[in-house]
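Please open the model in your viewer and keep the selection tool at hand. We will go from stop to stop, with a word at each on what to pick and what to look for.

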Amino acid sequence: MKKIKNPSVAGRFYPNNTDELLNLFKQYENDIKIDSNYISQLVISPHAGYIYSARCAYQALKHIKGENIFIFSPAHKAYVNTAAICDYDSFLTPLGEVELNKDIISELQVEINNIAFEDEHAIEVQLPILQYLHKNFKIIPVIVGQNGTSVVNNIISKYWNDKSCSFVISSDLSHYLSDTQAKKLDEISAYMIESNDYRKFHPQQACGAASIIGALKFAQEKNYSFIRLDMRNSSSAANDKSRVVGYGSWLLYEGEKNTYIAKYFGNLLKEIAYNSIKSKGNVTLKNYPCVLNQFGASFVTLQKNNKLRGCIGSSCAHRPLIADLIHNAYLSAYSDTRFNPLNESELSEIDIKISLLSEPYEIHFSSEEDLLDKIIPCKDGLIIQDGQYRALYLPSVWEQLSDKKLFLYSLKQKAGLEPTYFSKTFKAWKFHSEYI
């Protein structure tokens, strides 16, 4: 006889009526703007009542597909040390049954614990959204305890190359803080997720922390990037800012964040930079992609008649990319001391170029020759510093200075040093950039 897991929170966390549920998803389909058409194998998705978090979850689950979907849930109702699976054949929702992939489940060296699944909502609330968005899939539900990080990491690593598999990390963020406190903590959590910084991620930052850490470790090993899709908390629906729960959704991108931004939002960034120049920095934006709230470093270069007209930027990410871009576009037009401020008649004549900088990393070298050996022309941007003397060249400068020694000598002059200057305190960093 077929063993079916009946819904536990239908009618409480989400509508129990099929038509009502479908109408809700059709409303999401019409109202929610999906930032890109990128299909990811792994997402982080919240799991609260639909009134609070379903819009956030919808954006995450829209970005995955696969015949076999692993769902990693925290253990809310029963103690689980590392991880647990179940021996059900299917989960039932108001939209019908969702089959489990018993073959994959049998391969997992994880204990069977049906009791842990009985009243667990963190898997169940993902299912109706998945059913609406995707067809012909099976699930592999795994409940993860506080010591289950390595289980999650091992499962993702084992099945990642099987493109029929995808992964949902089911997790909310902060719990029952004030709105102000929650936003601060959730931004810290978001920054850690987006930096693949798993070592200090604390269980109090998210109920699914163990699974998030496992995914972050995998992302760091692969040099993949988490892309923010949405961030909010329960106060947006409940109008109660005294005790809120935080929600966030991310997709995992197989590459660098800046590559993703340049590919999907390059034209938008140029439009934002132009509007900043036109309005002299007084830009008000609504409904822009949430990934632009991630910290980022940008340079804005202005050209007129193929000649430099201004260039100012940030060497390190220290604020949301959108704020950095707006500020640097304004400064490049009006505060580059090498040029007079841009006048209104020039607006139609300028060409805007944007560079998105990766995090710089220090080059360790024993001599100037050793430093030059570690620089890759046309690829590496370079930052040098000795005491108060500091300067940066973008990778695009290689177009004018293709010789490594001349590149470095020119950069020293830009910093205010002699071209042949070198000392024991001389430091250098290199970085990459996405050019728009």
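Start by selecting strand 3, residues 68-74, together with strand 9: the two run parallel and are joined by five bridges. This is a predicted model, so every stop on this tour belongs to a prediction. To find one of the contacts between these strands, pick isoleucine 69, whose bridge partner in strand 9 is serine 166.

Keep strand 9 selected and add strand 2, residues 42-45. This pairing is also in the parallel sense, over four bridges. Which residue of strand 9 stands opposite leucine 42? Color phenylalanine 167 and you have the partner.

Now show the side chains of strand 9 alone, residues 165-170. Cys165, Phe167 and Ile169 point one way, while Ser166, Val168 and Ser170 point the other way. That fits a general pattern: in a regular strand the side chains alternate between the two faces of the sheet. Is strand 9 largely enclosed or open to the outside? Six of its six residues are buried, so the strand is largely enclosed by the rest of the structure. In other words, the residues pointing either way from strand 9 are all buried.

Next, select helix 6, residues 126-133. Here, too, the rest of the structure largely encloses the element, because eight of the eight residues of helix 6 are buried. Show them as sticks: Gln126, Leu127, Pro128, Ile129, Leu130, Gln131, Tyr132 and Leu133.

Helix 6 leads us to a cavity. A search of the whole structure finds one cavity of 30 Å³ or more, and the volume of the largest cavity is about 30 Å³. To outline the largest cavity, select Pro46, His47, Ala48, Tyr50, Ser53, Ala54, Ala57, Val125, Gln126 and Ile129. Which helices each supply at least two residues of this lining? They are helix 2 (50-62) and helix 6 (126-133), and helix 2 gives the most, with four residues. Try coloring the lining by residue type: seven residues are nonpolar, three are polar and none is charged.

For charged side chains, turn to the salt bridges. How many does a search of the whole structure find? The count is 19, and a few make good stops.

- Select aspartate 230 and arginine 232, whose side chains meet in a salt bridge at 2.9 Å, N to O. Aspartate 230 is buried, with a relative accessible area of 9%, whereas arginine 232 counts as partly exposed at 28%.
- Move on to lysine 353 and aspartate 351, where the N to O distance of the salt bridge is 3.0 Å. Aspartate 351 counts as partly exposed, at 32% relative accessibility.
- Then pick aspartate 370 and lysine 374, which form a salt bridge at 3.5 Å, N to O. Lysine 374 is partly exposed, with a relative accessible area of 32%.
- Finish this set with Lys2, Glu97 and Glu99, which are linked in a network of salt bridges.

For the last stop, select residues 256-436. The UniProt record, an unreviewed entry, annotates this stretch as "domain: AMMECR1". Color it by secondary structure: over residues 256-436 the chain is 30% helix and 24% strand. Then mark the C-alpha atoms at the two ends of the stretch, which are 15 Å apart.

Definitions and conventions. Residues are numbered from 1 along each chain as its sequence is written. This is a predicted model: local features need pLDDT of at least 70, side-chain atom pairs count only at pLDDT 80 or more; totals for chains, interfaces and linings use all residues. Side-chain values use heavy atoms; hydrogens and water are left out. A salt bridge is a side-chain nitrogen of Lys or Arg within 4 Å of a carboxyl oxygen of Asp or Glu. Buried means under 20% relative accessible area, exposed over 50%, partly exposed in between (1.4 Å probe, protein chains only). On a 1 Å grid over the protein atoms alone, a cavity is a set of points where a 1.4 Å probe fits but cannot get out, and a pocket is an open set with protein on both sides within 12 Å along at least five of seven lines; lining residues have an atom within 4 Å of a point. Grid points are joined across faces, edges and corners, and a volume is the space filled by probe spheres set on the points. Ala, Val, Leu, Ile, Met, Phe, Trp, Tyr, Cys and Pro count as nonpolar, Asp, Glu, Lys and Arg as charged, and the others, Gly among them, as polar. UniProt positions are given in the numbering used here, feature names are shortened, and annotations may be inferred rather than shown by experiment. Two strands pair if DSSP finds at least two bridges between them.
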